[in-house]
Amino acid sequence: MIFCQACGTTNREGSRFCNQCGARLSETADIACPRCGAPNAPDAPHCQKCGLDLARGRNDVWEGPLPRVEVPEEGTPEAPEQPRRRPEGVPLRRRPHGLPPWLDSAEQPEEASSELEAGALLPGEGELALERDEGEWSGEAIPIEPVVGVPYRARERPEQPPTPEEQKAADLFAAVSAEDVFASLQPGAEEEQSERAGRPETWLRVLVALTLLVAVIVPVLLRGGPLSAEGSVPAPVAAAARAIQQVPPGATVLVAFEYDAGLAGDLQPVAEAVIGEFLSRDLHILTVSTQPEGAALAEMALERVLRARGDAGARSRVVNLGYLTGGQAAIRALAVSIPSVIRSDWEGRPLAGNPAVAGLGGAGTLPLVVVLGRDLLAVQAWIEQLGAPFNTPLVAGVPALVEPALVPYQTAGRLQGVVGGLAGAAAFERLAGRPGVGVRSLAAVRAGAWAAGLLAITANIGFALGRLLRRRGP
Amino acid sequence: MRRILPALVALLVGLVVLLDYFLENPVLDALGSFLLEGAIILAAFALLLGLWNLLLVHERKVRRRERGWPASIVILLSTLGGLAVGLAGWRSGALDWFYRYVLFPLEASTGALLAFVVVSAAVRLWRLGSLEGTVMLVVGAIVLAGTLLPQGGALGVLTPLREWIVSVPALAAVRGILLGVALGIMATGLRVLLWIDRPYE
């Protein structure tokens, strides 16, 4: 994209004149940063002076004209930079509460708004000028949305040209992004498609629909059946089961729900399998989350397990500690002392007097902590803040995609075991002798995988046969 | 002073927490715990501040009719609605209903697209004829089949193959990444402690 320096319109690469105003475009000319006015290369992702994300501007986020910048000829002395001043007539905004200006930026002076509409100022320009004049805010927070702090070092680093490897990766990414996977389904998109005159689209769609139907119906009809066939138990799952078996009866364990609903399909079965095993071993269970949704997901898992067991008395052995802000700091504080960080459960009941937490110190002293994490970082945080410094045994439950990333921690002894996704949950349930939602869900996923595989094979055979017949035809 | 004071605070807090991590000392332990609890409280306030900022930003977008302002109305309504449900229905289970029947299905639907996106990306790479794309597609298919398919007969070879992929080449790559990340974190921490980087300015 090339910016028009006259009106700010984005134009296609290779354009010689602006689509909007007709001004001559120059691909090599510098463009002005909308915030600080520094000249930048047209394709520069960030301003070389202030670090502003210029790519956003090329996506039409900046509205209004860009200011012209006179780029001095080589060899001529640069004019001294003029300090940006508050526009005349625009009153200084007062901040009686001492808040940074972007908090009360909704109260724009009318004069600034009128200048903005007239195109004299860019969105946020008036605010920046005001903020700089007041001298209390660095102007690094862009008061547009969201508030972004420009990294300190980014302001000093000159723009670096990409290395050949980076350029190759960028080209590959651009090519992948531009690739239309379903081009073959578009009638008339290519010569080959035009020969088939839309017929493949119809039968392929029918085939896809039938496949999905089979994938849904088969597990329901077979109730598992051959799709639930037992496979070998993965070693990380067996290790996790052993770690749980080593916890003495009556002890308290902690389960951290570090995922959101987007991964509930993969991780709720793991949570239910682990909690069910804890309850069957008469353990006390604490659940906690540093993700806002984790507390609700924990409550759902606990409810399902308790309902399935039909043991109302078991509820007294379970405490949902809810959501804890602070990320890694919260984990560390929890590891040091649970009562000093959390004083009531998720429903607001005080923890004092609850038998599940009676006499508890920090989570670091617990015999086992299970981390159900959405990604590597979530598990890493518990390893670094609790497992490693306190030598607390940790077991991780993660989506199947994340499981390989945890192997180094397991081989190093930082994790006692890993239960990965639905397959891990199903294996764990079988080991525990209580097939549950993991086994049932795995059957459905297996049916889907089989159906998708068969679809791919059938479609490719059909496609190959079709090409063969056309070549041999008249 | 305005530059020095934040730097001194950051330096002292960083050092205390770091020393508390490595040393056994009752004074450091108490100080470290105090700072950690302070961080938790600050994070809670930051959450409120973020909410306030979100409301202001989108209110302004709506008022000025900036690009995408209808979406801002949806954000404002859903944010305020969620807040009202949470505050009013704390004991009645309304928040629980909101979570279960609005938020979770929406997020689960979005999350379910992940597999499609990954497969789509793999197929795109493969169609471009790149070696990396072909390797990614083949390895992904083996790992997926080794995980999901019932392991009987000829398919029995898939499980050891999957185990080998996960425990040898994938493990080597992950170790390299983890070491690189750890070194980067150490370097960043040292730069902040040595006052070379000042992200809080």
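A contact here means that heavy atoms lie within 4.5 Å. The structure is a predicted model, and this briefing describes two of its chains, A and B, beginning with their overall make-up. By the contact rule, residues 24 or more positions apart account for 23% of the contacts in chain B with a separation of 6 or more, while in chain A the corresponding share, again among contacts with a separation of 6 or more, is 62%.

**The two chains in outline**

- Chain A, which has 474 residues, counts 46% of them as buried, and its secondary structure consists of 15 helices and 10 strands.
- The accessible surface of chain A is about 23800 Å², and carbon and sulfur atoms hold 56% of that area.
- Chain B has seven helices and zero strands, so that reading along its sequence gives the pattern α-α-α-α-α-α-α, as follows from the way helices and strands are assigned as DSSP runs.
- Of the 201 residues in chain B, buried ones make up 24%, and the chain exposes about 12900 Å², with carbon and sulfur atoms supplying 78% of this surface.

**Strands 6 and 7 of chain A**

- Strand 6 of chain A, covering residues 284-289, runs parallel to strand 7 of chain A, and four bridges join the two.
- One residue pair can be named in this pairing, since I285(A) has V318(A) in strand 7 of chain A as its bridge partner.
- Between these strands the chain passes from strand 6 of chain A through helix 9 of chain A to strand 7 of chain A, and the resulting β-α-β crossover is right-handed.
- Strand 7 of chain A is mostly covered, with five of its six residues buried.

**Salt bridges within chain A**

- Side chains of opposite charge can pair when their charged atoms come close.
- Over all chains, the count of salt bridges comes to 11.
- One of them joins the side chains of D260(A) and R374(A), with 2.3 Å from N to O.
- D260(A) lies in the loop between strand 5 (252-258) and helix 8 (264-280) of chain A, whereas R374(A) lies in the loop between strand 8 (369-373) and helix 12 (376-390) of chain A, so this pair ties together parts that are 114 residues apart in sequence.
- Within this pair, D260(A) is buried at a relative accessible area of 15%, while R374(A), with a relative accessible area of 29%, is partly exposed.
- Another salt bridge is formed by E299(A) and R315(A), whose closest N and O atoms are 3.3 Å apart.
- This second pair links distant parts of the chain, 16 residues apart, because E299(A) belongs to helix 9 (residues 294-309) of chain A and R315(A) to the loop between helix 9 and strand 7 (318-323) of chain A.
- E299(A) is buried, its relative accessible area being 5%, whereas R315(A) counts as partly exposed at 27% relative accessibility.

**A salt bridge between the chains, and a network**

- E403(A) forms a salt bridge with R162(B), and the closest N and O atoms of this pair are 3.5 Å apart.
- The pair joins two chains, because E403(A) sits in the loop between strand 9 (394-398) and helix 13 (407-411) of chain A and R162(B) sits in helix 6 (residues 158-167) of chain B.
- Both partners are buried by the cut-off of under 20% relative accessible area, with E403(A) at 13% relative accessibility and R162(B) at a relative accessible area of 9%.
- In addition, D345(A), E347(A) and R349(A) are joined into one network by salt bridges that share partners.

**The surroundings of A241(A)**

- A241(A) is part of helix 7 (residues 235-245) of chain A, and at 11% relative accessibility this residue counts as buried.
- Leaving aside residues up to four places away in sequence, A241(A) touches F428(A) and L431(A).
- The C-alpha atoms of A241(A) and V419(A) are separated by 9.1 Å, although the two residues are 178 residues apart along the chain.

**A nonpolar patch on chain B**

- On the surface, L15(B), L18(B), L19(B), Y21(B), F22(B) and L23(B) form a nonpolar patch that together has about 550 Å² of accessible area.
- Among these residues, Y21(B) lies in helix 1 (residues 4-22) of chain B and counts as partly exposed, at 31% relative accessibility.

Methods:
Residues are numbered from 1 along each chain as its sequence is written. Chains are lettered from A and ligands numbered from 1 in the order in which they are written. This is a predicted model: local features need pLDDT of at least 70, side-chain atom pairs count only at pLDDT 80 or more; totals for chains, interfaces and linings use all residues. Side-chain values use heavy atoms; hydrogens and water are left out. A salt bridge is a side-chain nitrogen of Lys or Arg within 4 Å of a carboxyl oxygen of Asp or Glu. Buried means under 20% relative accessible area, exposed over 50%, partly exposed in between (1.4 Å probe, protein chains only). Accessible areas come from the Shrake-Rupley method with a 1.4 Å probe; for residues, only the protein chains shown count as cover. Two strands pair if DSSP finds at least two bridges between them. A crossover is right-handed if, with the strands pointing away from the viewer, the path from the first strand over the helix to the second runs clockwise. Patches are made of residues with over 30% relative accessible area and no salt bridge: like charges are joined within 9 Å, nonpolar side chains (Val, Leu, Ile, Met, Phe, Trp, Tyr) within 5 Å.
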